[in-house]
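Work through the exercises below with the sequence and the model in view. Try each task before reading its solution.

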Amino acid sequence: MAQIMPEGEAVRNAVKWISGECKEGQDRKKIGLLICEAAARYNLSPKDEEFLRVFYSKDTTGKG
């Protein structure tokens, strides 16, 4: 399966940072706060922030 690779170094760095801060089973509220913090930390555009929201909203368990 192909991986989704975001365009732009800032977005890639934000994904790495959020992933490092997240723990398996993290609730959505915490992830939303991390996305907001990453957007400020890496000076992301609204489009980039939306990419992160979609990226982290995907269900990776395969259960729906």
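Helices, of at least four residues, and strands, of at least two, are DSSP runs numbered from the N terminus. With this numbering, Asn 43 can be placed in the loop between H2 and H3. The model is predicted.

**Exercise 1. The elements**

Task: State how many helices and strands the chain has, and in which order the elements run.

Solution.
1. The chain has three helices and zero strands.
2. Read from the N terminus, the order is α-α-α.
3. The helices are H1 (9-21), H2 (28-41) and H3 (46-57).
4. In mean pLDDT, H1 is the lowest of the elements at 89 and H3 the highest at 92.
5. Over the chain, the average pLDDT is 80, and 72% of the residues score at least 70.

**Exercise 2. The length of H1**

Task: Compare the expected span of H1 with the distance between its end C-alpha atoms.

Solution.
1. H1 has 13 residues.
2. The expected span is 1.5 Å times one less than the number of residues.
3. For H1 this gives 18 Å.
4. The end C-alpha atoms of H1 are 18 Å apart, which agrees with the expected span.

**Exercise 3. The two sides of H1**

Task: Find which residues of H1 are buried, and decide whether they line one face of the helix or are spread around it.

Solution.
1. A residue is buried when its relative accessible area is under 20%, and exposed when it is over 50%.
2. The buried residues in H1 are Val 11, Ala 14, Val 15, Trp 17 and Ile 18.
3. Looking down the axis of H1, these buried residues fall within an arc of 170°, so they line one face of the helix.
4. Glu 9, Lys 16 and Gly 20 are exposed on the other side of H1.
5. For Lys 16 the relative accessible area is 60%, and this residue is therefore exposed.
6. The C-alpha atom of Lys 16 lies 10.0 Å from that of Ala 38, a residue 22 positions apart along the chain.

**Exercise 4. The core**

Task: Name the residues that touch the most other members of the largest nonpolar core, and say which helices supply this core.

Solution.
1. The largest nonpolar core has 14 residues.
2. Ile 18, Ile 35, Leu 44, Leu 52 and Tyr 56 touch the most other members.
3. H1, H2 and H3 each supply at least two residues of the core.
4. In the chain as a whole, buried residues make up 25% of the 64 residues.
5. Take the contacts between residues at least 6 apart in sequence: 55% of them join residues at least 24 apart.

**Exercise 5. The loop between H2 and H3**

Task: Classify Asn 43 and Ser 45 as buried, partly exposed or exposed, and state what sign the phi of Asn 43 has.

Solution.
1. Asn 43 and Ser 45 are both in the loop between H2 and H3.
2. The relative accessibility of Asn 43 is 70%, so Asn 43 is exposed.
3. Ser 45 has a value of 30% and therefore counts as partly exposed.
4. The phi of Asn 43 is positive, about 50°, although Asn 43 is not a glycine.
5. Most residues other than glycine have a negative phi.
6. Ser 45 and Ala 10 are 35 residues apart in sequence, and their C-alpha atoms are 9.8 Å apart in space.

**Exercise 6. Before H1**

Task: Say where Glu 7 is found and whether it is buried or exposed.

Solution.
1. Glu 7 is in the segment before H1.
2. With a relative accessible area of 72%, Glu 7 is exposed.
3. The C-alpha atoms of Glu 7 and Asp 48 are separated by 8.9 Å, with the two positions 41 residues apart along the chain.

Definitions and conventions:
Residues numbered from 1 in each chain as written. Predicted model: local features only at pLDDT ≥ 70, side-chain atom pairs only at ≥ 80, totals over all residues. Heavy atoms only, no water. Core = buried A, V, L, I, M, F, W, Y, C linked by side-chain atoms within 4.5 Å. Buried < 20%, exposed > 50% of the residue type's maximum accessible area, 1.4 Å probe, protein only. Contact = heavy atoms within 4.5 Å. pLDDT = per-residue confidence, 0-100. Arc of directions from axis to C-beta.
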